[in-house]
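User: I am new to this kind of model and would like to learn how to read its features one at a time. Could you take me through it slowly?

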Amino acid sequence: MHGFTPFYSPFAPGFMFAFLPFLIVAAVWTIVLKGFALWYSARGSQKGWFIALLIVNTLGILELVYLIWFRPASRASVETSPGEISSTQEQE
């Protein structure tokens with residue numbers, strides 16, 4: 001017999017603890033980016049993006065793509081549709 005248990009792992013416990021800080025940083029990075037991306041997609045009424053960002057986990061890559069290229073430009077453009085008149089335009 002080789003002396004291996006059925007639960008043998010080639011990774012020593014010390015090796016696994018070396019990756020613990022990386023896993024913590026990756027988790028925080030993903031949670032923060034996903035939060036911002038979901039916030040902007042919900043405020044922008046972009047249901048397709050919201051669902052995709054909620055379901056697909058890509059360690060923040062999809063979230064970065066959305067935040068850089070596809071999020072609404074400004075808060076004013078989110079609040080009013082192209083055909084609507086905003087309250088500032090009514091006062092003029």
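Analyst: What follows is a short walk through the overall make-up, a helix pair, a salt bridge and two backbone angles. Please keep in mind throughout that this is a predicted model.

User: How many helices and strands are there in the protein?

Analyst: The protein has six helices and zero strands, so that, read along the sequence, its pattern is α-α-α-α-α-α. Of its 92 residues, 15% count as buried, and about 7,700 Å² is exposed, with carbon and sulfur atoms supplying 71% of that area. Among contacts with a separation of 6 or more, 52% join residues that are 24 or more positions apart.

User: How should I read two helices that pack together, and at what angle do helix 3 and helix 4 cross?

Analyst: Two packed helices are described by the angle between their axes and by the distance between those axes. Here the axes of helix 3 (residues 47–55) and helix 4 (residues 61–70) come within 10 Å and cross at roughly 155°. Because angles over 145 degrees count as roughly antiparallel, helix 3 and helix 4 are described as roughly antiparallel to each other.

User: Which residues meet where helix 3 touches helix 4?

Analyst: From helix 3 come Trp49, Ala52 and Leu53, and they meet Leu62, Glu63, Tyr66 and Phe70 of helix 4. The residues of this contact divide into six nonpolar, no polar and one charged.

User: What does Glu63 pair with in a salt bridge?

Analyst: As a general idea, side chains of opposite charge can pair when their charged atoms come close. In this model the count comes to one salt bridge, in which the side chains of Glu63 and Lys34 meet at 2.8 Å, N to O. Glu63 lies in helix 4 and Lys34 in helix 2 (residues 20–43), so the pair ties together parts that are 29 residues apart in sequence.

User: Are Glu63 and Lys34 buried or exposed?

Analyst: Glu63 counts as buried, at 0% relative accessibility, and Lys34 is buried too, with a relative accessible area of 13%.

User: Which residue in the loop between helix 2 and helix 3 has a positive phi?

Analyst: Most residues other than glycine have a negative phi. Ser45, however, has a phi near 55°, a positive value in a residue other than glycine, and Ser45 sits in the loop between helix 2 and helix 3, where it is exposed with a relative accessible area of 64%. Leu59 also has a positive phi, of about 55°, although it is not a glycine; Leu59 is found in the loop between helix 3 and helix 4 and is exposed, with a relative accessible area of 53%.

Terms used
Residues numbered from 1 in each chain as written. Predicted model: local features only at pLDDT ≥ 70, side-chain atom pairs only at ≥ 80, totals over all residues. Heavy atoms only, no water. Axes fitted to C-alpha atoms, helices over the stretch in contact; angles between N-to-C directions. Helix = DSSP H or I, 4+ residues; strand = E, 2+ residues; numbered from the N terminus. Parallel < 35°, antiparallel > 145°, perpendicular 65-115°, else oblique. Contact = heavy atoms within 4.5 Å. Nonpolar A, V, L, I, M, F, W, Y, C, P; charged D, E, K, R; others polar. Salt bridge = Lys/Arg side-chain N within 4 Å of Asp/Glu carboxyl O. Buried < 20%, exposed > 50% of the residue type's maximum accessible area, 1.4 Å probe, protein only. Areas by Shrake-Rupley, 256 points an atom, 1.4 Å probe, with all protein chains shown as cover.
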